[in-house]
Amino acid sequence: MDPSERYSRAAVAASAVVIRDYSTSFSLAARLMPRRVRDHITSIYGLVRVADEVVDGACPTDPRSHLDALEEAVERAIEEGFSANLVVHAFARTARETGFGTELTRPFFASMRADLTPAPHTAESLAAYIHGSAEVVGLMCLRAYLVGVAPSDYDRLAPDALRLGAAFQKVNFLRDLTDDELRLGRAYLPELTQRAYDEALDDAAADLAAGRAGIERLPRDVQRGVRAAADLYGELLRRLRAAGLDGARSGRVRVPTAAKAAVIARALATSR
């Protein structure tokens, strides 16, 4: 095997380990993707997860300098096609092969940087944060879905990818209320009242519905993986609504493993 190809395979495998350890939902959804897409999705979420952990407490000293160094490493790897950091190498390989660059990575790192100095969000700053932290990730994934199949469809499908990415992030805000508020000092809702919580649920549900409507416009071989991810978030949204604000703040609302398996089975049945 060519040394560069062997190294790239090891890089993707390293990203897969990161995803399995931090997100069983995305790990399961990635495995439902066709082979032509699976490694790219794994590589995207591997890098996203590493950046998240840098700003969420895994880095004990000077997370800003480490985040800056990570962004510099990503940009250099996209330009040169190599990084000694396996997760960065896998991500850069995907970026080069699917056709995205700093137009998506820079907004992402800007949002990660915003988490280092938590401050109350305005409507405008929250929209910018959601775009960088989630919507651009949806666009990265869309590039992967279309590579080698229908890259010219990107502009037509991008609005759906943006809505789905926003929905995932808004659900995450509600799921992580306690951790964000108490440990990290972050607030993504304008106020923590039941009314604000319900309005945030409705907003996330609207984005999720809009994003789901676009799934059938994607290449057929990726639909079941995207549908599974959307369905998992839909189930989490349902449980957050049932828990109410008090339930969400008392502890992180989760979808149990057995329920995840049932959701994925339904997504597979729908795809067939």
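Select Gln194, Tyr197, Leu201, Asp202, Ala204, Ala205, Leu208 and Arg212 in helix H10, which meet Arg227, Ala230, Asp231, Tyr233, Gly234, Leu237, Leu240, Arg241, Gly244, Leu245, Asp246 and Ala248 in helix H11 (contact means heavy atoms within 4.5 Å). These residues divide into 11 nonpolar, 3 polar and 6 charged (Ala, Val, Leu, Ile, Met, Phe, Trp, Tyr, Cys and Pro count as nonpolar, Asp, Glu, Lys and Arg as charged, and the others, Gly among them, as polar).

The model is predicted: local features need pLDDT of at least 70 and side-chain atom pairs pLDDT 80 or more, while totals for chains, interfaces and linings use all residues. Residues are numbered from 1 along each chain as its sequence is written, and side-chain values use heavy atoms, with hydrogens and water left out.

Now display H10 (residues 194-213) and H11 (residues 220-250) in full; they pack at an angle of about 170°, with axes 10 Å apart. Helices are DSSP runs (H or I, at least four residues) numbered from the N terminus; axes are lines fitted to C-alpha atoms over the stretch in contact, and angles run from 0 to 180 degrees between N-to-C directions. H10 and H11 are therefore roughly antiparallel to each other (angles over 145 degrees).

Keep H10 and add helix H8 (residues 154-175), which packs against H10 at an angle of about 150°, the axes being 7 Å apart. This pair, too, is roughly antiparallel. H8 passes H10 in a left-handed crossing (the near helix is turned anticlockwise from the far one by less than a right angle; clockwise is right-handed). On the H8 side the contact includes Leu164, Phe168 and Val171; on the H10 side, Tyr197, Leu201 and Leu208 are among the residues met. The contact of H8 with H10 comprises 13 nonpolar, 1 polar and 6 charged residues.

Next, select residues 24-31 (H2) and 35-58 (H3), whose axes lie 9 Å apart at an angle of about 160°. That makes H2 roughly antiparallel to H3. Here the crossing is right-handed. Phe26, Ala30 and Arg31 in H2 meet Arg38, Ile41, Thr42 and Tyr45 in H3.

Finally, colour by domain: the assignment, automatic or from a database, gives domain 1 (1-117) and domain 2 (134-271). Their centres, taken over C-alpha atoms, are 20 Å apart. Each domain contributes 28 residues to the contact. Together they bury about 2,400 Å², 67% of it on carbon and sulfur atoms (accessible area, 1.4 Å probe, lost on putting the two parts together, summed over both). Select Leu32, Arg36 and Leu104 last: they supply 28% of the area that domain 1 buries against domain 2, more than any other three residues.

Definitions and conventions: Helices (H or I, at least four residues) and strands (E, at least two) are DSSP runs, numbered from the N terminus. Angles under 35 degrees count as roughly parallel, over 145 as roughly antiparallel, 65 to 115 as roughly perpendicular and the rest as oblique.
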